[in-house]
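Reader: Hi! I am new to protein structures and would love a close look at one part of this one. Could you walk me through it slowly?

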Amino acid sequence: MATTPPVVARARKHFSMIRGFHLADVFTLGNAACGVGAVFLAMAYVASQSLAQFLWAAALAPAAFIFDVFDGRIARWRQTQSALGRELDSLADVISFGVAPAALAFAAGLDGGWDCVILIYFVGCGVSRLARYNVTAEALSAGADKVKYFEGTPIPTSVVLVAVLAWAAWQGRIGDALWGGVWMLGPWALHPLTLLFALSGTLMISKTLHIPKL
């Protein structure tokens, strides 16, 4: 009577997911690292009020942008684009260009009740913008290597908001000296400067605004 050969268990490789990362994914993780660093420095600034920590936090935004630009170019150059890479890129962008600018704004003094509502709205718009892009990227590319245009402004445009905050900090116009002062609307405070974040978030989720992708 023939016997069934024993099933040999396939050896599991440790860190198999990390082993599958491409060079572009490493740059994407660099993007995420910059975003996390910016959040940490923003929190450190709240505790210490050290201008250097605030400016270093702001400086990590363009650093994240550089990583974000190069990860896409490297993926196309090495022909290593993947669904994993696209999702990884979106998650990194949420941190670096959504959560980090909002944290920096809060640290700068945009901490009134209405300010917080607007900053949460801004991050929500960024998350929604990235989710929509991932779902529609294949249709928008029309068979090409990359999409021809963005629907709504890309989330990395929040680097401009960080630049505004950095300039305000350099001029000593954060905290109680924020540009535009503060308004009391009902039970909560609103700093008019926060409206820039409301505008940015609204432009990100616009479906009629088409931005050519270079």
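Are Phe 122 and Phe 197 buried or exposed?

Author: Happy to help! First, a word on the model: it is predicted, so local features need pLDDT of at least 70 and side-chain atom pairs count only at pLDDT 80 or more, while totals for chains, interfaces and linings use all residues. Residues are numbered from 1 along each chain as its sequence is written, and side-chain values use heavy atoms, with hydrogens and water left out.

Now to your question: both Phe 122 and Phe 197 are buried. Buried means under 20% relative accessible area, exposed means over 50%, and partly exposed is in between (1.4 Å probe, protein chains only).

These two residues also form a ring pair. A pair of aromatic rings is described by the distance of the centres and the angle of the planes. Rings of Phe, Tyr and Trp (its six-membered ring) pair if their centres lie within 6.5 Å; planes under 30 degrees apart count as stacked, over 60 as edge-to-face and the rest as tilted. A search of the whole structure finds five aromatic pairs. For Phe 122 and Phe 197, the centres are 5.1 Å apart and the planes stand at 85°, so this pair is edge-to-face. The pair links distant parts of the chain: Phe 122 sits in helix α5 (residues 113-141) and Phe 197 in helix α7 (residues 195-204), 75 residues apart. Helices (H or I, at least four residues) and strands (E, at least two) are DSSP runs, numbered from the N terminus.

Let us stay with α7 for a moment. Its buried residues are Phe 197, Ala 198, Ser 200, Gly 201 and Met 204. Looking down the axis of α7, you find them within an arc of 165°, so they line one face of the helix. That arc is taken from the directions from the helix axis to the C-beta atoms.

For another ring pair, turn to Tyr 45 and Phe 54. Their ring centres are 5.1 Å apart and their planes meet at 65°, so this pair is edge-to-face. Both Tyr 45 and Phe 54 are buried. Elsewhere, ring pairs join Phe 27, Phe 67 and Phe 70 into a cluster.

Finally, here are two strand residues. Glu 151 is in strand β1 (residues 149-151) and counts as buried, at 11% relative accessibility. Leu 185, in strand β2, is partly exposed, with a relative accessible area of 38%.
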